[in-house]
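Reader: Could you walk me through this model one feature at a time? I'd like the general idea where there is one, then the case at hand.

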Amino acid sequence: MSDAYTRPIETELIEDPGLGNARESEAAPSAHPATAEQPHAWSRDLRFMLVVLTAIVVLFLAFALLIAFSPTGEAISALAIIAAPIATMVAAYYGISLALRQVRDAREAADAAEARARAAEASARESDSWAAQMESGLRVAVAKLRSAGQNTRDVERAAGTPDEFF
């Protein structure tokens, strides 16, 4: 069987909060944001293309009518009166579409930044928890060494703790 007929398997990292380790798990293929967004992007681009093509066809018909009937000063003025609003509507439609796209992109970027901030916050909490556990373990080890009558100076130096920490 060739690779073309196999289903791709995505792996994601799953953290086990109780053990503090991570493992990979196989997940069913999910829709990527890029592939999920393509139909919307295509329809938006298709709408804009249709507006531009319609405007070009209308202007072409206006020029054809101008050439068909004698190109006088009044005809040229009439063509300008017809062409100006069409060009303005196309430019306005493009500007509005661009503004809406920028707003959507900004929202997506803000959502992604918020997700990254939440992940960093969770990571910082886990690091603080891990550090507290290590400090607690070190304090217990130093207390046991002292109760056994052992010198703890080497352990304190290896831990990198300041004087008077314990």
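Reader: Let's start with burial: what share of the residues in the protein is buried?

Author: Buried residues account for 8% of the 166 residues in the protein. Keep in mind that this is a predicted model.

Reader: And how do the elements run from the N terminus on?

Author: The order is β-β-α-α-α, so to say 3 helices and 2 strands.

Reader: Take helix 2 next. How do I check its length against its residue count?

Author: Multiply up the rise per residue and compare. Helix 2 covers residues 73–147, which is 75 residues, and at 1.5 Å a residue the expected span is 111 Å. The end C-alpha atoms of helix 2 sit 109 Å apart, so the two values agree.

Reader: What comes just after helix 2?

Author: Glycine 149 follows, with a positive phi of about 85°.

Reader: Which residues of helix 2 are buried?

Author: Leu79, Ile86, Val90, Ser97 and Val142.

Reader: Serine 97 catches my eye in that list. Why does it count as buried?

Author: The cut-off is under 20% relative accessible area, and serine 97 has 15%, so it counts as buried.

Reader: What does the side chain of serine 97 have as a polar neighbour?

Author: A polar atom of the serine 97 side chain lies 2.9 Å from the backbone oxygen of tyrosine 93. Serine 97 itself belongs to helix 2. As background, an α-helix has 3.6 residues a turn, so residues three or four places apart point the same way.

Reader: Now the record. Where does UniProt put the "transmembrane region" annotation?

Author: The unreviewed UniProt entry gives that label to residues 48–69 and 75–96. To read such a label against a model, look at what the spans are made of. In the model, residues 48–69 are 95% helix and 0% strand, with end C-alpha atoms 32 Å apart. Residues 75–96 are 100% helix and 0% strand, and their end C-alpha atoms are also 32 Å apart.

Reader: Which residues carry the "coiled-coil region" feature?

Author: UniProt, again in an unreviewed entry, places that feature at residues 96–123. This span is 100% helix and 0% strand in the model, and its end C-alpha atoms lie 40 Å apart.

Reader: Which residues form the nonpolar patch on the surface?

Author: Leu46, Met49, Leu50, Leu53 and Ile56 make up the patch, and together they offer about 430 Å² of accessible area. Pick methionine 49 as an example: it is part of helix 1, residues 33–68. Is it buried or partly exposed? Methionine 49 counts as partly exposed, at 39% relative accessibility.

Reader: On to charges. How many salt bridges does the structure hold?

Author: There are 5. The general idea is that side chains of opposite charge can pair when their charged atoms come close. One of the cases here joins arginine 118 and glutamate 114, at 2.6 Å from N to O. Arginine 118 and glutamate 114 are 4 residues apart in helix 2, so about one helical turn separates them. Glutamate 114 is partly exposed, with 41% relative accessibility.

Reader: Which residues are joined into one network by salt bridges that share partners?

Author: Arg104, Asp105 and Glu108. Arginine 104 meets aspartate 105 at 3.3 Å, N to O, and arginine 104 also meets glutamate 108 at 3.6 Å, N to O. Glutamate 108 and arginine 104 lie 4 residues apart in helix 2, about one turn of the helix.

Reader: Are the network's residues buried or partly exposed?

Author: Partly exposed. Arginine 104 has a relative accessible area of 25%, aspartate 105 has 37%, and glutamate 108 has 36%.

Terms used
Residues numbered from 1 in each chain as written. Predicted model: local features only at pLDDT ≥ 70, side-chain atom pairs only at ≥ 80, totals over all residues. Heavy atoms only, no water. UniProt positions renumbered as here; feature names shortened; annotations may be inferred. Expected span 1.5 Å × (residues − 1). Buried < 20%, exposed > 50% of the residue type's maximum accessible area, 1.4 Å probe, protein only. Polar contact = N/O pair within 3.5 Å; in protein donor to acceptor, adjacent residues only side chain to side chain. Patch = residues over 30% accessible without salt bridge, like charges linked within 9 Å, V, L, I, M, F, W, Y side chains within 5 Å. Areas by Shrake-Rupley, 256 points an atom, 1.4 Å probe, with all protein chains shown as cover. Salt bridge = Lys/Arg side-chain N within 4 Å of Asp/Glu carboxyl O.
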